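Q: Please take a close look at the salt bridges in this model. Which residues pair, where do they sit, and how exposed are they?

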Amino acid sequence: MSLPHAILTALLEKPSSGLELTRRFDRSIGYFWSATHQQIYRELGKLEQAGHIRALPSDQPARGQKKDYEVLPAGLQELTAWVTRPEDPRQIRDPLLLRLRAAAVVGGPDMEAELVRHLELHRAQLEDYLAFEQRDFPPGRRITRQDRLRHVVLRGGIELETFWTKWLTDTLAELRDPEDGPTRHAAPDGS
C-alpha cells in the first residue's frame, strides 16, 4: 500500500509528470522506496481513477503529450490518514541473508566474493548518503520541521548503510578465520 503514498508525497512536494516521477524515484525516493517505471505509471492511473490526483490542464492536445499531475484534497486526506495510521515494523527480507543460510545447508560455495561485492556497494551508498548530508543538511540549515524530517530519513539510510558495512566486514572476518573447525558461540539464553 506504500507506493501510492510515496507518489502522493512526491506530487505534494512538486507536481510532476510520470516521467519526472520515475526520475525522482531513480534519484531520491528510490533510496528508501523503489518502484519500476511501469509500477509508477500504473499507480498514477489508479490514483487518478480514485480521485486522489488529477492531470493539470494543458494547452497541448492530450494524446502523446506528457501530463503533469497534482494532488487533490482527497489525496491529501488519504496521505494524512496513512501517515497517522499505526503500522508494525517489517521483518528483514534480504536475499543475501537467505543465500548465506542456504549455503550453510548445502555446504555451499564460497560466498566471500559476493560478500565483498555487497560490502563495496554498501560503502559506496554510505559515501553518497554522507555527501548528501553534507550538501543538503549542513549545521544550521535544518531550521524547519520539514527539513528535520527529511534529515532523519537520510540519517536512517546512513545508519542502515553503517550497519551493513560493519556486519559485512565482521562476517568476512569470521568466515576468513583460519580455524577450520566450526566456531562455537554461546546461545542467546547463555547455554
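A: The salt bridges are described below pair by pair, with location and exposure.

The model is predicted, and the structure holds 12 salt bridges. In general terms, side chains of opposite charge can pair when their charged atoms come close.

One of the pairs joins two strands. Glutamate 70 forms a salt bridge with arginine 54, and the closest N and O atoms are 2.5 Å apart. Glutamate 70 belongs to strand 3 (residues 68-71) and arginine 54 to strand 2 (residues 53-55), so this pair ties together parts that are 16 residues apart in sequence. Arginine 54 has a relative accessible area of 35%, so this residue is partly exposed.

Another pair involves two helices. Arginine 155 forms a salt bridge with glutamate 133, with 3.1 Å between the closest N and O atoms. Distant parts of the chain are linked here: arginine 155 is in helix 7 (residues 145-175) and glutamate 133 in helix 6 (residues 112-136), 22 residues apart. Arginine 155 counts as partly exposed because its relative accessibility is 27%. Glutamate 133 has a relative accessibility of 15% and therefore counts as buried, the cut-off for buried being under 20%.

A further salt bridge is formed by aspartate 136 and arginine 135, whose closest N and O atoms are 2.6 Å apart. Aspartate 136, at 27% relative accessibility, counts as partly exposed. Arginine 135 is exposed, its relative accessible area being 56%, where exposed requires over 50%.

Finally, there is a network: salt bridges link Arg99, Glu114 and Arg117.

Technical notes
Residues are numbered from 1 along each chain as its sequence is written. This is a predicted model: local features need pLDDT of at least 70, side-chain atom pairs count only at pLDDT 80 or more; totals for chains, interfaces and linings use all residues. Side-chain values use heavy atoms; hydrogens and water are left out. A salt bridge is a side-chain nitrogen of Lys or Arg within 4 Å of a carboxyl oxygen of Asp or Glu. Helices (H or I, at least four residues) and strands (E, at least two) are DSSP runs, numbered from the N terminus. Buried means under 20% relative accessible area, exposed over 50%, partly exposed in between (1.4 Å probe, protein chains only).
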